[in-house]
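Here are a few worked exercises to try with the model open beside you. Have a go at each task before you read its solution.

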Amino acid sequence: MSALPSLLRLLEVGPGLRTGFLRLLSLEPVQRPGSTTMTAATADFARATDVDKGAAFLERLPVVLRDWIASFFPESLRWVVGALLAIAVILAVFGSLFALLTLAERKVLGRVQNRPGPNRTGPFGLFQPIADAIKMLTKEDVVPREADQVLHFLAPVALLGFSILTFAVIPYGRRLVPLELDAAVLYFFAAGAGTELAVFMAGWASHNKYSLLAAMRALAQLISYELPLLLSFVPVVMLAGTLSTSRIVAAQAGWTWGFLPHWHVFTPWGFAGFVIFMVAAVAESNRSPFDLPEAESELIAGHLTEYSGFKYALFFMAEYFGMIALSGMAITLFLGGWQAPLPFLEFVPSYVWFALKLLALLLGFIWLRATLPRLRMDQLTRLAWKFLVPLALVNLGTAAFWQLTAHWDGPLSAARWVVAAVLVVGPFLVLGRGLTAGIATRTYRYA
Amino acid sequence: MNLALLIIAFVMLGSAAIAMGLRNLIHSALLLIASWAAIAAFFLWAGAEFLAFAQVLVYVGAVSMVVLFAVLLTRQSRLDLNLAPVPFGRALGALIAGSAVAGILFGAILGTPLPAAAAPPPGLTVRQLGLQLMGTHAAALLVVGVILTVALLGAIVLASNEAAPKTPEAR
């Protein structure tokens with residue numbers, strides 16, 4: 001019997017390195033571990049208490065509020081309270097953003113199509129999300145008799161769970177990272193990978209051939225676009241030299257000549273990376289023009305065919321959450337995170353800048369949906385494999401060139417810009433020609 | 001005793017054990033994926049953050065899809081997904097082979113002299129990991145990359161058919 005304890009002792013490799021949410025289970029006292037992995041709570045407390053005494057009041061407000069609430073609890077429980085507060089705030093803020101976004105989408109789409117959009121529920125149709133929620137909650141939940149009951153129930157839950165997990169590592173403002181991880185970017189995309197599993201579960205468990213076929217099609221799309229999505233942010237990680245989201249944001253601080261921010265999007269490789277990332281993000285979140293998985297007007301809603309009531313709504317909640325999270329990641333990686341665009345605008349709190357950028361990107365998603373027609377499946381996969389993946393690979397080389405010529409200045413600096421720009425635009429033109437070869441430039445004749 | 005480790009071990013081993021017992025192949029595959037996720041949780045518990053996320057990204061994200069596609073594409077119909085019970089002799093053989101491997105592993109682990117005092121945590125950051133991979137172990141990394149590329153090319157060769165494609169209609 002002495003073998004078991006010694007074996008278990010062997011498995012306790014690094015007691016100081018266990019991460020925060022696992023500590024939640026064992027409820028050990030918190031001690032600051034070495035350097036890399038620290039719990040969200042300890043890290044935040046260390047910084048919130050002694051740093052930034054001089055920062056503006058509004059800038060500090062979220063942290064001050066959190067500490068004030070946590071101060072009602074004994075010392076040993078404060079990190080739990082801090083973590084729970086972060087979770088509650090994320091759920092509340094993004095839950096209501098989801099509700100407002102559904103309304104904004106319908107309003108904006110309506111305006112684009114020259115009609116008023118929902119305007120009967122409350123002033124300007126503002127209560128429409130509430131009416132929708134009541135409708136979804138009171139609808140009958142129909143489950144096919146032959147369906148795999150457990151998996152059919154588990155699919156929307158897993159999808160929503162995975163998409164909420166991704167919110168944990170996005171820096172929403174100065175010192176406003178719910179979970180400070182050394183490999184945060186990797187965590188984000190690892191959590192996102194679980195959504196594919198949920199889509200498969202939904203399609204298979206429905207016991208419907210259309211659902212299963214649509215799930216396979218959706219998976220083909222998700223896997224195809226995962227590649228350009230992952231490749232497009234590799235240059236950012238390469239040049240920032242870190243996988244931590246807060247340090248990537250910190251790497252984009254400062255201005256050239258006092259007005260040009262050091263955001264990655266304002267470099268040739270960063271611009272290309274941002275565009276590739278956003279195209280792949282649109283496809284990953286099943287948004288138009290890549291909304292083939294759920295093409296409600298043609299394919300009877302794909303893998304959602306056998307879902308109704310609130311489970312159906314959960315799928316859309318997950319879709320919007322995925323869209324918000326990917327936009328947040330794009331802001332973090334390319335658009336300078338919570339940094340202000342101009343030096344004299346720094347008095348505005350950092351989280352307001354993040355929110356403004358987020359809303360701008362989300363409106364961009366809606367605008368795209370209103371503008372572009374849906375792609376066909378073969379066009380979709382061709383775009384991913386023959387265009388976006390090679391472009392992203394070339395972009396790696398461009399980023400390497402940019403990094404290696406960082407010390408060039410004066411006239412050489414102009415040469416650096418020109419060479420990098422050619423490296424971005426050249427492959428784009430060549431690959432684009434290849435993509436449209438045979439159908440060439442379309443000429444439109446007016447009837 | 002550490003409660004977190006117990007829970008992780010229970011989920012990891014339990015889901016693997018149930019996966020072997022189930023008749024439905026898809027359920028087995030999904031439980032296997034749950035087991036992989038629990039392994040990632042174990043890495044996280046042990047402080048290997050990067051490894052844990054890589055495990056989730058590769059196994060839960062990618063390998064799981066390969067497994068599920070393989071199961072679905074190699075079966076004739078839905079009824080084919082349910083396996084017939086294994087004869088007693090085979091089960092006994094599997095049990096004996098499994099316990100023999102487990103016995104050898106246990107013996108090796110318990111027989112190895114390990115420092116009794118807890119070693120200081122390595123505290124590897126992603127940066128150090130990257131420098132190690134690109135510096136000391138660059139050759140191994142390159143070899144792995146070449147092997148994966150060869151495997152990919154082989155898959156393409158196997159999957160492609162020689163017949164010339166028909167003229168594409170509208171793209």
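Before the first exercise, a convention: axes are lines fitted to C-alpha atoms, for helices over the stretch in contact, and angles run from 0 to 180 degrees between N-to-C directions. This is a predicted model, where local features need pLDDT of at least 70, side-chain atom pairs count only at pLDDT 80 or more, and totals for chains, interfaces and linings use all residues. Residues are numbered from 1 along each chain as its sequence is written, while chains are lettered from A and ligands numbered from 1 in the order in which they are written.

**Exercise 1. Work out how α5 and α6 of chain A cross, and which residues make the contact.**

Step 1: find the helices. Helices (H or I, at least four residues) and strands (E, at least two) are DSSP runs, numbered from the N terminus. In chain A, α5 covers residues 78-112 and α6 covers 128-138.

Step 2: get the geometry. Their axes come within 9 Å and cross at roughly 110°.

Step 3: classify. Angles under 35 degrees count as roughly parallel, over 145 as roughly antiparallel, 65 to 115 as roughly perpendicular and the rest as oblique. So α5(A) is roughly perpendicular to α6(A).

Step 4: list the contact (C-beta atoms, placed from the backbone, within 7 Å). On α5(A) you'll find Ala99(A), Leu100(A), Thr102(A) and Leu103(A), and on α6(A) Gln128(A), Pro129(A) and Asp132(A).

**Exercise 2. Do the same for α8 and α9 of chain A, then sort the contact residues by class.**

Step 1: helix α8 (residues 184-205) and helix α9 (residues 209-240) of chain A pack at an angle of about 170°, with axes 8 Å apart.

Step 2: that angle makes α8(A) and α9(A) roughly antiparallel to each other.

Step 3: contributors from α8(A) include Phe189(A), Phe200(A) and Trp204(A), and those from α9(A) include Leu222(A), Leu230(A) and Phe233(A).

Step 4: for the classes, Ala, Val, Leu, Ile, Met, Phe, Trp, Tyr, Cys and Pro count as nonpolar, Asp, Glu, Lys and Arg as charged, and the others, Gly among them, as polar. The tally is 16 nonpolar, two polar and one charged.

**Exercise 3. Find the best-connected members of the largest nonpolar core.**

Step 1: set the rule. A residue is buried if 20 or more other C-beta atoms lie within 10 Å of its own, exposed if 12 or fewer, and partly exposed in between, with C-beta atoms placed from the backbone. A nonpolar core is a set of buried Ala, Val, Leu, Ile, Met, Phe, Trp, Tyr and Cys residues joined through C-beta atoms within 7 Å.

Step 2: among the 119 residues of this core, Tyr187(A), Phe277(A) and Ala330(A) touch the most other members. The top contributor is α8(A), with 16 residues.

Step 3: zoom in on Tyr187(A). Setting aside neighbours within four places in sequence, Tyr187(A) is in contact with Val169(A), Leu181(A) and Phe53(B).

**Exercise 4. Track down the backbone oddities in the loops of chain A.**

Step 1: recall the baseline. Most residues other than glycine have a negative phi, and most peptide bonds are trans.

Step 2: Phe124(A), in the loop between α5 and α6, has a positive phi of about 55°. With 13 C-beta neighbours inside 10 Å, Phe124(A) is partly exposed.

Step 3: Arg175(A) sits in the loop between α7 (149-165) and α8, with phi near 60°. Arg175(A) is buried, having 21 other C-beta atoms within 10 Å.

Step 4: the peptide bond from Ser288(A) to Pro289(A) is cis, with omega near 10°. Pro289(A) belongs to the loop between α11 (268-284) and α12 (309-333).

Notes. Contact = placed C-beta atoms within 7 Å.
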